[in-house]
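This report goes through one predicted model. Have the sequence and the structure open while reading.

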Amino acid sequence: MTKFFLTIFLVATFGSASYAQTLKSQKINESSYALIGEIGGRTYENQGLNANYGVVVTKDGVILIDSGASKQGAELISKEVQKITAQKIRWVINTGSQDHRWLGNDYFISQGAEVIALSKTVATQKLMAGGQVDSVKAVLKDRFNGTKPAYAQKPITQNDVALDLGGTKVQIKYLNHAHFEGDVVVYLPDQNIMFSGDHIYVDRLLGVLPQSNASTWLDAFNQIESINPKVIVPGHGNICDLNKAKRQTGDYLKFLVDGTKKYAEEMAGVEAAVKGLSNAPQFEKLANFNELHKGNISRTYLRLEAQ
Ligand SMILES: [Zn+2]
């Protein structure tokens, strides 16, 4: 009796102390799941896993979508997958080149998985690796130990590819330059589920970074609309449908692109654009709005001006 309670106590304490709610596992259907990360920034506590991951169980093993920001983060993802299925992770698909999409690759390769990515995605990963290692290490400190950038063993040269992985049809599609150049979406046509990577943010505001291109990102979003997925696992935020994705990502990109275009045509300058567009009540309930909105306007404007 005492031993029984002690075991329960230890399991409960270990679970909450080490991995408190870093990733929330959600079932979509009999074979597909999402691991939902926090919508704030990277922290030591969240292991840099402030993003979402996909888990698809096939008859021959698990497909994991994105690999985390470090070796320890990858181990944590792997533990979450073990709670879902006894099958091994056999394939890891990278939807992009931001740290939390791929710096865990090396761990999964060491466990026998194949990493799958388009050449276009790998090219950006290689370009960014050095800077990302430095910036993530600064946040994760000792929790970054043992992390090494590693890439898809056989990058795919096409921009749109249909694979059969363990009897499950998987499409990997490059649509346009979005959050980072080379970002892709992963689509399961038979289940009508899309793992959108950083093309779609809900519940929090998306970030237009210096590497992002809001105009072509909007085009990529329009292509996602024509694919018309029933269920979307966004890059950040909760599982959603296309309507919510449109309200919180598509409409926001359109607001930025159309809005800044007007100021750029008049050569009004970036300050006027930021001032004129900073009031956007339809988006201000999204998390991180105050931190990101003005920077998003100015980067959208400056890229438009440079084109
Ligand atoms: Zn991201």
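## The nonpolar cores

The largest nonpolar core holds 38 residues, and those touching the most other members are I200, L206, I224, Y252, L253, F255 and F283. Several elements each give at least two residues to this core: the strands β9 (184-188) and β10 (193-201), and the helices α6 (214-227), α7 (242-265), α8 (270-277) and α9 (289-306). The largest share, 9 residues, is supplied by α7.

I224 shows what such contacts look like for one residue. Leaving aside residues up to four places away in sequence, I224 touches L175, V185, M194, H199, I200, P229 and L242. Another core, of 23 residues, lies apart from the largest one; L23, A113, V115 and A117 are among its members.

## The zinc site

Which residues coordinate the zinc ion? They are Q98 through OE1, H100 through NE2, D198 through OD atoms (listed twice) and H236 through NE2, at 2.2 to 2.7 Å. Along the sequence, the spacing of these donor residues reads Q-x1-H-x97-D-x37-H.

D198 and H236 link distant parts of the chain: D198 lies in strand β10 and H236 in strand β11 (residues 231-236), 38 residues apart. Are D198 and H236 buried or exposed? Both are buried.

## Helix α7 and the residue after it

Helix α7, the source of 9 residues of the largest core, has a bend of about 30° at G250. Just after α7 comes M267, whose phi is positive, at about 50°.

Definitions and conventions:
Residues are numbered from 1 along each chain as its sequence is written. This is a predicted model: local features need pLDDT of at least 70, side-chain atom pairs count only at pLDDT 80 or more; totals for chains, interfaces and linings use all residues. Side-chain values use heavy atoms; hydrogens and water are left out. A nonpolar core is a set of buried Ala, Val, Leu, Ile, Met, Phe, Trp, Tyr and Cys residues joined through side-chain atoms within 4.5 Å. Buried means under 20% relative accessible area, exposed over 50%, partly exposed in between (1.4 Å probe, protein chains only). Helices (H or I, at least four residues) and strands (E, at least two) are DSSP runs, numbered from the N terminus. Contact means heavy atoms within 4.5 Å. Donors are N, O and S atoms within 2.8 Å of the metal (3.2 Å for Na, K and Ca); water is not among the atoms, so sites may look incomplete. The bend at a residue is the angle between axes fitted to the seven residues ending there and the seven starting there.
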